[in-house]
Amino acid sequence: MSRHTVLVYRDLPGPQLARIQAEHDVILADPRREDQREAFFRALGRVQGMIGSSFRLDATLLDRAPSLRVVSSISVGVDVYPLAALRERGIVLCHTPGVLTESVADLLFGMVLATSRRLCDMANLVRDGRWRQNVGPEEYGWDVHGKTLGIVGYGRIGQALARRAALGFGMPVIYHARRPVESGLPPGMARAAGLDALLEAADFVVLVLPLTEATRGLIGPEAFAHMKPGAILINGARGPIVQERALLDALDSGRLRAAGLDVFDVEPLPLDSPLRDHPRILALPHVGSATHETRTAMAVMAVDNLLQVLRGEAPAAAYPLD
Ligand code: 8YV
């Protein structure tokens, strides 16, 4: 089996890096680090494989990598990859679906609980030494159990979230998906609906759909106008699906009670972003899949995919480019 050259452009756990080094020559260069950026671009001309995530690749960059055969992403989302350009060049794109489903669903349901029961506010009240008497209506939150959960995007993560809500919290679930899909729950526990109908009925609207040209800016002034007064929005998908200005207007008008955001237009979130310290926004640093177990499983799967393609085998998870 011939040794190839692989560009590793994101930190990998030691044992996974060693698996690649056992079969191929490795160049370590993360383009997001100023001191490694030049090495990253210099390496492109020599590599057959790339493995990493969270860095936008484009056709111009692919033109600098004439012998590239596979890009293995340590993510399920593929919005930073030029799908058509990859297809035209016969380059295989791999990703890591499935292994992060339950961790992301846990985090998203945690955001439903944290925003509605104001967990951060109350923790800060104690931490700041402001707990001086029994809490009153000023500190009250809102119940989660029995409320209606709206899920926009009903793939693996959406269905895992629905299970937590319906089976664990007695919440009626309404979901909106591109294609008809079974609810995966006992009859009567979840129903499909159009986006506007979902927005009008849901107490919580959770976004778990991919970022595409069709979903970019999907949640804007019209969508917020459809939402139930006092609803809470959770974005666990991608920042550009929500129009951030419209979100702030909906919060400041009082129509939206709160928002939980794990993803943003620009990540890391700029310090001057009005989303960062808004009193009714729970802002998290893109931690949906950030558990020891899941990030390790994602790295294992991404390395499996890479090694399989370079061996001429079918990878565990190629992203369909057709
Ligand atoms: C990744 C994610 O960790 O898998 C995805 O699509 O958003 C996260 O699990 C992130 O993309 C990597 O930065």
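This briefing covers the ligand site, the nonpolar cores, several individual residues and some backbone features. The model is predicted. The protein buries 88% of the 320 Å² that the ligand exposes when taken alone. The largest nonpolar core holds 46 residues, and a second, separate core holds 31.

**Ligand site**

- The residues around the ligand are Arg10, Ser53, Ser54, Ser75, Val76, Gly77, Leu100, Arg238, His286, Ser289, Arg295 and Met298.
- By class, this shell divides into three nonpolar, six polar and three charged residues.
- Valine 76 places a polar backbone atom 2.8 Å from an oxygen atom of the ligand.
- Glycine 77 also uses its backbone: an N or O atom there lies 2.8 Å from a ligand oxygen.
- Arginine 238 uses its side chain, with a polar atom 2.8 Å from an oxygen atom of the ligand.
- Of the ligand's 320 Å² when taken alone, the protein buries 88%.

**Serine 54, a shell residue with positive phi**

- Serine 54 is among the residues surrounding the ligand.
- Serine 54 sits in the loop between strand 3 and helix 3 (59–63).
- Its phi is near 55 degrees, a positive value in a residue other than glycine.
- Most residues other than glycine have a negative phi.
- Serine 54 has a relative accessible area of 45%, so it counts as partly exposed.

**Nonpolar cores**

- In soluble globular proteins, nonpolar side chains tend to be buried together.
- Within the 46-residue core, the members that touch the most other members are Leu12, Ile20, Ile51, Leu108, Leu149, Ile151 and Val206.
- Helix 11 (residues 292–310) gives the most to this core, with eight residues.
- The second core, of 31 residues, is separate and includes Ala202, Ile219, Leu248 and Phe264.
- Leucine 12 touches Leu17, Ile20, Ile51, Ile74, Ala299 and Val303, leaving out residues up to four places away in sequence.

**Arginine 3, before strand 1**

- Arginine 3 lies in the segment that precedes strand 1 (5–8).
- Its relative accessible area is 43%, so arginine 3 is partly exposed.
- Beyond four places in sequence, arginine 3 is in contact with Gln21, Ala22, Glu23, His24 and Asp25.
- Two of these contacts are polar. The arginine 3 side chain reaches the backbone oxygen of histidine 24 at 2.8 Å, and makes a polar contact with the side chain of aspartate 25 at 2.9 Å.
- Arginine 178 is 175 residues away along the chain, and its C-alpha atom is 42 Å from that of arginine 3.

**The loop between helix 2 and strand 3**

- Glutamine 48 lies in this loop, between helix 2 (34–43) and strand 3 (49–52).
- Glycine 45 lies in the loop between helix 2 and strand 3 too.
- Glutamine 48 has 14% relative accessibility, so it counts as buried.
- Glycine 45 has 43% relative accessibility, so it counts as partly exposed.
- A polar atom of the glutamine 48 side chain is 2.8 Å from the backbone nitrogen of threonine 5.
- Not counting residues up to four places away in sequence, glutamine 48 touches His4, Thr5, Ser67, Leu68, Arg69, Val70 and Leu310.
- With the same neighbours left out, glycine 45 touches Arg64, Pro66 and Ser67.
- Glycine 45 and alanine 85 are 17 Å apart, C-alpha to C-alpha, and 40 residues apart in sequence.

**Serine 183**

- Serine 183 is in the loop between strand 7 (173–176) and strand 8 (190–192).
- At 11% relative accessibility, serine 183 falls under the 20% cut-off and so counts as buried.
- The serine 183 side chain reaches the backbone nitrogen of leucine 185 at 2.9 Å.
- Leaving aside neighbours within four places in sequence, serine 183 is in contact with Tyr154, Gln159, Tyr175 and Ala190.

**Other backbone features**

- Most peptide bonds are trans.
- Glutamate 267 and proline 268 are joined by a cis peptide bond, with omega about -10 degrees.
- Proline 268 is in the loop between strand 11 (256–261) and strand 12 (281–283).
- Arginine 118 has a positive phi, near 55 degrees, and is a residue other than glycine.
- Arginine 118 is found in the loop between helix 5 (101–116) and helix 6 (119–127).

Note on methods:
Residues are numbered from 1 along each chain as its sequence is written. This is a predicted model: local features need pLDDT of at least 70, side-chain atom pairs count only at pLDDT 80 or more; totals for chains, interfaces and linings use all residues. Side-chain values use heavy atoms; hydrogens and water are left out. Helices (H or I, at least four residues) and strands (E, at least two) are DSSP runs, numbered from the N terminus. Buried means under 20% relative accessible area, exposed over 50%, partly exposed in between (1.4 Å probe, protein chains only). A polar contact is a pair of N or O atoms within 3.5 Å; within protein, one must be able to donate a hydrogen and the other to accept it, and residues adjacent in sequence count only if both atoms are side-chain atoms. Contact means heavy atoms within 4.5 Å. A nonpolar core is a set of buried Ala, Val, Leu, Ile, Met, Phe, Trp, Tyr and Cys residues joined through side-chain atoms within 4.5 Å. A residue is near a molecule or strand if one of its heavy atoms lies within 4 Å of it. Accessible areas come from the Shrake-Rupley method with a 1.4 Å probe; for residues, only the protein chains shown count as cover. Ala, Val, Leu, Ile, Met, Phe, Trp, Tyr, Cys and Pro count as nonpolar, Asp, Glu, Lys and Arg as charged, and the others, Gly among them, as polar.
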